[in-house]
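Me: Please take one aromatic side chain in this model and look closely at its setting, working outward from there to the chain as a whole. I would like the cut-offs behind each term stated as you go.

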Amino acid sequence: MCLDYDFYDFTTFCYLTTVMAFVTPWSISLALADSYSVLLKQLPHEPRLLSMVLAGDTVMSFLSLGGACGVASATELLSSMGAPICGDNLCSQYQVSATLAFLCWFLLLASALFNLWSLPSLLY
């Protein structure tokens with residue numbers, strides 16, 4: 001998506017790329033931390049840490065939802081207008097990007113809800 005020459009003409013595509021640039025390291029760092037804690041068989045017992053992860057997952061989830069909705073609507077608008085930017089299957093590539101962003105949103109939301117569910121167990 002970033003390699004297209006008209007990519008920077010549309011704010012929604014830039015927004016999705018920027019959001020995913022933040023979501024990717026966030027998700028990778030959480031995956032590494034979770035893998036490390038599972039290997040040591042010692043889960044984190046601090047509510048403050050879990051609250052920060054919950055807040056980060058929630059923020060990243062809503063940012064990725066906004067980016068996915070923006071790209072999906074912009075791509076649908078461009079393809080329905082028959083814009084010249086949609087030549088060479090470019091709009092289909094944007095639709096795949098929007099679909100993967102929706103998948104990312106769903107997984108981040110599931111992570112946030114799981115952390116929200118497990119937070120009270122640390123408090124008592």
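Reply: **Tyr15 and its surroundings**

Tyr15 counts as partly exposed because its relative accessible area is 34%, where buried means under 20%, exposed means over 50% and partly exposed lies in between, with a 1.4 Å probe and protein chains only. This is a predicted model, in which local features need pLDDT of at least 70 and side-chain atom pairs count only at pLDDT 80 or more, while totals for chains, interfaces and linings use all residues. Residues are numbered from 1 along each chain as its sequence is written, and side-chain values rest on heavy atoms, leaving out hydrogens and water.

Tyr15 sits in helix H1, which covers residues 11-39; helices here are DSSP runs of H or I with at least four residues, strands are runs of E with at least two, and both are numbered from the N terminus. Once neighbours within four places in sequence are set aside, Tyr15 is in contact with Leu63, Gly66 and Gly67, a contact being heavy atoms within 4.5 Å. Between Tyr15 and Ser35, which are 20 residues apart in sequence, the C-alpha to C-alpha distance is 30 Å.

Helix H2, residues 47-81, holds Leu78, and this residue is buried because its relative accessible area is 7%. Beyond residues up to four places away in sequence, Leu78 touches Phe10, Phe13, Ala83, Ile85, Cys86 and Cys91. Its C-alpha atom is 16 Å from that of Thr99, a residue 21 places away along the chain.

Asp57 is also in helix H2, and it counts as buried because its relative accessibility is 0%. Leaving out neighbours within four places in sequence, Asp57 is in contact with Trp26, Leu30, Leu108, Ser111, Ala112 and Asn115. The last of these, Asn115, is 58 residues from Asp57 in sequence, yet the two C-alpha atoms lie 8.9 Å apart.

Turning to helix H3, Phe102 belongs to this element and is partly exposed because its relative accessibility is 31%. Apart from neighbours within four places in sequence, Phe102 is in contact with Leu65, Ala68, Cys69 and Ala72. Phe102 and Leu123, which are 21 residues apart along the chain, have C-alpha atoms separated by 32 Å.

Leu103 lies in helix H3 too, residues 90-123, and it is partly exposed because its relative accessibility is 45%. With Val96, Leu100, Phe106 and Leu107, Leu103 forms a nonpolar patch on the surface with about 500 Å² of accessible area together. Patches are built from residues with over 30% relative accessible area and no salt bridge, joining nonpolar side chains (Val, Leu, Ile, Met, Phe, Trp, Tyr) within 5 Å and like charges within 9 Å; a salt bridge is a side-chain nitrogen of Lys or Arg within 4 Å of a carboxyl oxygen of Asp or Glu.

The database record adds a further view of these segments. An unreviewed UniProt entry lists residues 12-33, 53-75 and 96-117 under "transmembrane region"; the positions follow the numbering used here, feature names are shortened, and such annotations may be inferred rather than shown by experiment. In the model, residues 12-33 are 100% helix and 0% strand, with end C-alpha atoms 32 Å apart. Residues 53-75 are likewise 100% helix and 0% strand, and their end C-alpha atoms are 32 Å apart.

For the chain as a whole, the secondary structure comes to 3 helices and 0 strands, and the elements run α-α-α from the N terminus on. Of the contacts with a separation of 6 or more, 79% are between residues 24 or more positions apart. Buried residues make up 32% of the 124 residues, and the accessible surface is about 8200 Å², with 71% belonging to carbon and sulfur atoms; areas come from the Shrake-Rupley method with a 1.4 Å probe, and for residues only the protein chains shown count as cover. The radius of gyration is 18 Å, whereas a compact globule of 124 residues would have one near 14 Å; it is taken over C-alpha atoms, and the globule rule is 2.2 Å times the number of residues to the power 0.38. Along the principal axes, the C-alpha atoms fill a box of roughly 60 × 25 × 20 Å.
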